[in-house]
Amino acid sequence: DLRQKYINDSTLFYYWIQQLKENDSQTPFFYTLLTLSMHGPYTNNSQDYNFNFPENYSKEFCNYLESCHFMDKQLGVFLQELKMNG
C-alpha cells in the first residue's frame, strides 16, 4: 500500500508542528490541512488495533474505522502540541 511507504497523518501533522514552531511571527494565520488516512480505498491498514468488530462488518469497513481511529489520534496529538506551544 503506497500510503504506508511515503507519508501518513502522523508525518503530516509532525511536519506542520515543526513549521509552526519555526514561524515565530505573531501575525494571525490560517492553514488548511488535508489528512491522508481518510482517503480510500480501505483495503489495507498498517495499524494493528485489535478491535473486536462485529462479524458482519466487511474488512474494508473495519479498515475504514481503524483509519478513523488513527486520524483521530493524530489530530489529538497535533491539537495538544498547538496548546502546549501557544
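**View 1. Helix H3 packs its buried residues against helix H2.** In this predicted model, the buried residues of H3 sit against H2. The packing works from the other side too: the buried residues of H2 pack against H3, which runs over residues 59–84. On H3, the buried set is Cys62, Asn63, Glu66, Ser67, Cys68, Phe70, Met71, Gln74 and Phe78. H3 has 26 residues, which at 1.5 Å a residue should span 38 Å, and its end C-alpha atoms are indeed 38 Å apart. Just past the end of H3 comes glycine 86, with a positive phi of about 65°.

**View 2. The whole chain, for orientation.** Step back for a moment and you'll find 3 helices and 0 strands, so to speak an α-α-α run when read from the N terminus. The chain has 86 residues, and 22% of them are buried. Look at the contacts with a separation of 6 or more, and 60% of those join residues 24 or more positions apart.

**View 3. Helix H2 and its two faces.** H2 takes in residues 9–22, which makes 14 residues, and its first and last C-alpha atoms are 20 Å apart, close to the 20 Å expected at 1.5 Å a residue. Which residues of H2 are buried? They are Asp9, Leu12, Phe13, Ile17 and Leu20. These buried residues cover an arc of only 130° around the axis, so they end up on the same side of H2. Turn to the face pointing away from that buried side and you meet Tyr14 and Glu22, both exposed.

**View 4. The start of H2, with its cap.** Asparagine 8 caps the N-terminal end of H2. Here a side-chain oxygen of asparagine 8 lies 2.9 Å from the backbone nitrogen of serine 10. Next door is aspartate 9, itself part of helix H2. Is aspartate 9 buried or exposed? Aspartate 9 counts as buried, because its relative accessible area is 0%. Setting aside neighbours within four places in sequence, aspartate 9 is in contact with Thr35, Leu36, Ser37, Phe70, Met71 and Gln74.

**View 5. Threonine 35, a loop residue tucked among helix residues.** Threonine 35 belongs to the loop between H2 and H3. With a relative accessibility of 17%, threonine 35 counts as buried. What does threonine 35 touch, not counting residues up to four places away in sequence? The list is Asp9, Leu12, Phe13 and Met71. Asp9, Leu12 and Phe13 also appear among the buried residues of H2, while Met71 is one of the buried residues of H3.

**View 6. The largest nonpolar core.** Five residues make up this core: Phe13, Ile17, Leu20, Met71 and Phe78. H2 and H3 are the elements that give two or more residues to the core. H2 gives the most, with 3 residues. As a bit of background, nonpolar side chains in soluble globular proteins tend to be buried together.

**View 7. Leucine 20 and leucine 82, in touch across the helices.** Leucine 20, one of the core residues, touches Phe29, Tyr31, Phe78 and Leu82 once residues up to four places away in sequence are left out. Leucine 82 is found in helix H3. Its relative accessibility is 32%, so leucine 82 counts as partly exposed. On the same footing, leaving out residues up to four places away in sequence, leucine 82 touches Ile17 and Leu20. The C-alpha atoms of leucine 82 and lysine 21 are 9.3 Å apart, although 61 residues separate the two along the chain.

**View 8. A salt bridge between H2 and H3.** How many salt bridges does the structure hold? There is 1. Lysine 21 and glutamate 81 form the pair through their side chains, at 3.6 Å from N to O. Lysine 21 lies in helix H2 and glutamate 81 in helix H3, so the bridge ties together parts that are 60 residues apart in sequence. In general, side chains of opposite charge can pair when their charged atoms come close. Lysine 21 has a relative accessibility of 45%, which means that it counts as partly exposed. Glutamate 81 is partly exposed as well, with a relative accessible area of 22%.

Methods
Residues numbered from 1 in each chain as written. Predicted model: local features only at pLDDT ≥ 70, side-chain atom pairs only at ≥ 80, totals over all residues. Heavy atoms only, no water. Helix = DSSP H or I, 4+ residues; strand = E, 2+ residues; numbered from the N terminus. Expected span 1.5 Å × (residues − 1). Buried < 20%, exposed > 50% of the residue type's maximum accessible area, 1.4 Å probe, protein only. Arc of directions from axis to C-beta. Contact = heavy atoms within 4.5 Å. Polar contact = N/O pair within 3.5 Å; in protein donor to acceptor, adjacent residues only side chain to side chain. Core = buried A, V, L, I, M, F, W, Y, C linked by side-chain atoms within 4.5 Å. Salt bridge = Lys/Arg side-chain N within 4 Å of Asp/Glu carboxyl O.
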